[in-house]
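Biologist: Please show me the model, and then let us go through it by question and answer.

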Amino acid sequence: MKKLLMIFALMMSVQMLQAEPLNKDSKNNDKKEVKLTEEEQAQVDEMKARLDEIKAMDFANMSREEKKEIREELKEMKAVAREGGKGIYLSVGAIIIIILLLILIL
(Lines give C-alpha, C1' and ligand atoms only; values in the text may rest on other atoms or scores of the structure.)
Protein backbone atom coordinates (compact mmCIF):
# COMPACT_ATOMS: atom_id res chain seq x y z
CA MET A 1 0.00 0.00 0.00
CA LYS A 2 2.84 2.41 0.86
CA LYS A 3 4.53 1.73 -2.49
CA LEU A 4 1.30 2.50 -4.31
CA LEU A 5 0.93 5.73 -2.38
CA MET A 6 4.51 6.75 -3.13
CA ILE A 7 4.01 6.04 -6.85
CA PHE A 8 0.85 8.14 -6.77
CA ALA A 9 2.74 10.98 -5.10
CA LEU A 10 5.49 10.86 -7.72
CA MET A 11 2.99 10.88 -10.56
CA MET A 12 1.20 13.88 -9.04
CA SER A 13 4.47 15.79 -8.70
CA VAL A 14 5.34 15.07 -12.34
CA GLN A 15 1.94 16.33 -13.43
CA MET A 16 2.54 19.58 -11.57
CA LEU A 17 5.74 20.11 -13.57
CA GLN A 18 3.87 19.78 -16.87
CA ALA A 19 1.46 22.61 -16.12
CA GLU A 20 1.09 25.25 -18.81
CA PRO A 21 2.96 28.50 -18.07
CA LEU A 22 0.93 31.64 -17.54
CA ASN A 23 0.75 34.39 -20.13
CA LYS A 24 2.52 37.64 -19.40
CA ASP A 25 -0.82 39.43 -19.14
CA SER A 26 -2.24 37.03 -16.57
CA LYS A 27 0.88 37.34 -14.40
CA ASN A 28 0.44 41.08 -14.15
CA ASN A 29 -3.26 40.80 -13.36
CA ASP A 30 -2.73 38.29 -10.54
CA LYS A 31 -0.37 40.53 -8.58
CA LYS A 32 -1.97 42.56 -5.86
CA GLU A 33 -1.13 46.20 -5.89
CA VAL A 34 0.10 47.33 -2.52
CA LYS A 35 -0.66 50.93 -1.72
CA LEU A 36 1.88 52.54 0.55
CA THR A 37 1.36 55.55 2.73
CA GLU A 38 3.44 58.65 2.05
CA GLU A 39 5.65 57.81 5.01
CA GLU A 40 6.27 54.25 3.78
CA GLN A 41 6.93 55.47 0.24
CA ALA A 42 9.46 57.98 1.56
CA GLN A 43 11.21 55.18 3.46
CA VAL A 44 11.29 53.01 0.31
CA ASP A 45 12.75 55.86 -1.74
CA GLU A 46 15.36 56.50 0.96
CA MET A 47 16.35 52.81 0.97
CA LYS A 48 16.62 52.78 -2.84
CA ALA A 49 18.84 55.85 -2.78
CA ARG A 50 21.09 54.26 -0.13
CA LEU A 51 21.33 51.05 -2.16
CA ASP A 52 22.41 53.05 -5.20
CA GLU A 53 25.07 54.75 -3.08
CA ILE A 54 26.35 51.39 -1.85
CA LYS A 55 26.45 49.98 -5.38
CA ALA A 56 28.55 52.95 -6.49
CA MET A 57 31.11 52.49 -3.69
CA ASP A 58 34.61 51.17 -4.30
CA PHE A 59 35.03 48.29 -1.86
CA ALA A 60 38.67 47.68 -2.76
CA ASN A 61 39.81 50.75 -0.84
CA MET A 62 37.68 50.10 2.26
CA SER A 63 38.86 48.61 5.50
CA ARG A 64 37.46 45.38 6.85
CA GLU A 65 35.40 47.20 9.48
CA GLU A 66 33.78 49.49 6.90
CA LYS A 67 32.82 46.52 4.74
CA LYS A 68 31.35 44.78 7.78
CA GLU A 69 29.27 47.86 8.65
CA ILE A 70 27.88 48.01 5.12
CA ARG A 71 27.00 44.29 5.19
CA GLU A 72 25.17 44.78 8.49
CA GLU A 73 23.31 47.78 7.08
CA LEU A 74 22.25 45.75 4.03
CA LYS A 75 21.03 42.92 6.27
CA GLU A 76 18.93 45.37 8.28
CA MET A 77 17.45 46.85 5.11
CA LYS A 78 16.64 43.38 3.83
CA ALA A 79 14.89 42.52 7.10
CA VAL A 80 12.83 45.72 6.91
CA ALA A 81 11.87 44.94 3.31
CA ARG A 82 10.74 41.42 4.25
CA GLU A 83 8.53 42.71 7.05
CA GLY A 84 6.20 44.22 4.45
CA GLY A 85 5.23 40.82 3.04
CA LYS A 86 4.48 39.02 6.28
CA GLY A 87 3.32 35.47 5.78
CA ILE A 88 4.30 32.01 4.73
CA TYR A 89 3.96 30.98 1.10
CA LEU A 90 3.72 27.33 0.08
CA SER A 91 3.43 25.95 -3.43
CA VAL A 92 0.71 23.46 -4.36
CA GLY A 93 3.30 20.71 -4.74
CA ALA A 94 4.68 21.36 -1.26
CA ILE A 95 1.19 21.20 0.24
CA ILE A 96 0.50 17.87 -1.51
CA ILE A 97 3.78 16.42 -0.27
CA ILE A 98 3.05 17.57 3.29
CA ILE A 99 -0.41 15.99 3.18
CA LEU A 100 0.98 12.73 1.83
CA LEU A 101 3.66 12.65 4.52
CA LEU A 102 1.03 13.23 7.19
CA ILE A 103 -1.04 10.36 5.76
CA LEU A 104 1.99 8.07 5.83
CA ILE A 105 2.92 9.03 9.37
CA LEU A 106 -0.58 8.82 10.79
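The questions below go from the overall fold to the surface and then to a helix pair.

Modeller: This is a predicted model, in which local features need pLDDT of at least 70 and side-chain atom pairs count only at pLDDT 80 or more, while totals for chains, interfaces and linings use all residues. Residues are numbered from 1 along each chain as its sequence is written, and side-chain values use heavy atoms, without hydrogens and water.

Biologist: How many helices and strands does the protein have?

Modeller: Helices (H or I, at least four residues) and strands (E, at least two) are DSSP runs, numbered from the N terminus. The elements run α-α-α-α-α from that end. The count is five helices and zero strands.

Biologist: Is Ile-98 buried, partly exposed or exposed?

Modeller: Ile-98 is found in helix α5 (residues 92-105). Buried means under 20% relative accessible area, exposed over 50%, and partly exposed in between, with a 1.4 Å probe and protein chains only. The relative accessible area of Ile-98 is 40%, so this residue is partly exposed.

Biologist: What percentage of the 106 residues in the protein is buried?

Modeller: By the cut-off of under 20% relative accessible area, the buried share of the 106 residues is 7%.
The protein exposes about 10,300 Å², with 59% of it from carbon and sulfur atoms. To return to the buried residues, their share is 7%.

Biologist: Are α3 and α4 roughly parallel or roughly antiparallel?

Modeller: The axes, lines fitted to C-alpha atoms over the stretch in contact, give angles from 0 to 180 degrees between N-to-C directions. Those of helix α3 (residues 38-56) and helix α4 (residues 64-83) come within 12 Å and cross at roughly 150°. Angles over 145 degrees count as roughly antiparallel, under 35 as roughly parallel, 65 to 115 as roughly perpendicular and the rest as oblique. Therefore α3 and α4 are roughly antiparallel.

Terms used:
Areas by Shrake-Rupley, 256 points an atom, 1.4 Å probe, with all protein chains shown as cover.
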